[in-house]
Amino acid sequence: MAEGGGSVNSLNENVPVYEHVDVNSKPFHIGSFRDLWLSVLNPEDYSFKETSGEIDDVRFMQEMGIPPETLEELKAVCSTESLCCHPADEAPDPDDIPADTQLATLKLRKKRLDYKKSLIRDSVGRHDAYANELEMLTLGRRIEDATDLIPEGEIVLTFNVIYPILFKQFRHVRVYQTLHILGSQKLTELRDAICCVSDLQVFGEFSNTPDMVPQFISKDHYKSAFFYFEGVFYNDMRFPECRDITKVTRDWAKTKGFPEFTTAKMEETTFSDLRVKVGYPYLYCHQGDCEHVLILTDVRLVHKDDCLDRKLYPLLTHKHRVVTRKCSVCHLYISRWITTKDALAPMDPCLYCDQCFRLLHYDQHGNKLGDFQAYAYVDPGAFN
Ligand SMILES: [Zn+2]
Ligand SMILES: [Zn+2]
């Protein structure tokens, strides 16, 4: 994000300035900020087209006021090849370290390489594989359909979504998703991209009807949710069963003498319409009281090196991974059930994977064995 200097700011309130230094900016209108950038930049500055090397060279010489010989000299001196002690084609293998080396760094490197060789690992860890996948989704990806290409001069916002808030444990708060979203996208698109276990919770006791569980996911039953930005509650009203769950808060605020809060619809508001502060904690609330702090950390124009496929936005760029809780019988699969008052269980409550739960608690005809209460369990690591 550009941080405006002195005189321009006094003229235009949509150039962000710090409200608290190194913490957050004053509120500004995202769309106007974008228009200001477009008015001062040349179209080729934010164009996605590659400029040829020669044009870049000519431009560089003009800007720096240097002759072609100086440019060639600069290229030779600043080239990464000048960092090598051998020419590129006869460079030795960096992993081939002489046994009698006296250099401490090489000794350390050799120790590390020997240790690596001693490890027997033929598969990439699940987490590593997924991290790679996240990168591969966007890296060098070609756009199949030209209509999916993001228009030049589009703005991209970066949001950090924090785990559900437990104020007692605020010290332990972690960013668990970082998402890039385009200025022209609706707030609902961000809401749909935020994954939280609360949406997958199932309320009720299911020991008699374990097959009914998938029909009772909270996400399908309680669709109301809202974002709060700068005095405005943005409600998700896409479905007939959605309600304005902010009314209680607004009524309470009225009795306490807060300035009047207004409401708007999430599905009718784009990010360019917002007036927000960068670095300031805002709120996303769903499932009645599952609250997440949402922080806008960056606003900038889309660059040609960004992922240019519109379909992939909101683009997930970081996800915090948590340890999953495994089944207490097989210790292998992630738990899907939690039981209480269970005579067959080694502890109370006890976690099971789906298979172990059914094998232990039901006969081959699906009849319940013994007395126990069973609840669906959604592991926080389900999104890993
Ligand atoms: Zn949540
Ligand atoms: Zn199991």
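Colleague: What makes β6 and β10 count as a pair?

Modeller: Two strands pair if DSSP finds at least two bridges between them. β6 and β10 share four bridges and run antiparallel, so the requirement of at least two is met. In this pairing, tyrosine 228 stands opposite leucine 283 of β10.

The model is predicted: local features need pLDDT of at least 70, side-chain atom pairs count only at pLDDT 80 or more, and totals for chains, interfaces and linings use all residues. Residues are numbered from 1 along each chain as its sequence is written, while chains are lettered from A and ligands numbered from 1 in the order in which they are written.

Colleague: How many bridges join β10 to β11?

Modeller: Six bridges join these antiparallel strands. Leucine 283 has valine 293 of β11 as its bridge partner. The hairpin of β10 and β11 has three residues between the strands, and its glutamine 287 has a positive phi near 50°.

Colleague: What is called a strand or a helix here?

Modeller: Both are DSSP runs, numbered from the N terminus: helices are H or I with at least four residues, strands are E with at least two. The protein has ten helices and 15 strands.

Colleague: Why is helix α9 called hardly covered?

Modeller: A residue is buried if 20 or more other C-beta atoms, placed from the backbone, lie within 10 Å of its own (exposed: 12 or fewer; partly exposed: in between). Among the nine residues of α9 (residues 247–255), the count of buried residues is zero. Over the 384 residues of the protein, 19% count as buried.

Colleague: Which residues have the most contacts inside the largest nonpolar core?

Modeller: Such a core is a set of buried Ala, Val, Leu, Ile, Met, Phe, Trp, Tyr and Cys residues joined through C-beta atoms within 7 Å. The largest has 36 residues, and those with the most contacts inside it are Ile30, Leu157, Phe159, Ile181, Phe227, Tyr234 and Val299. β4 gives the most to this core, with five residues. In soluble globular proteins, nonpolar side chains tend to be buried together.

Colleague: Which residues is isoleucine 30 in contact with, leaving aside its neighbours within four places in sequence?

Modeller: Contact requires C-beta atoms, placed from the backbone, within 7 Å. For isoleucine 30, the partners beyond those neighbours are Ile155, Gly183, Phe271, Ser272, Leu274, Val276 and Val299.

Key: Two residues are in contact if their C-beta atoms, placed from the backbone, lie within 7 Å.
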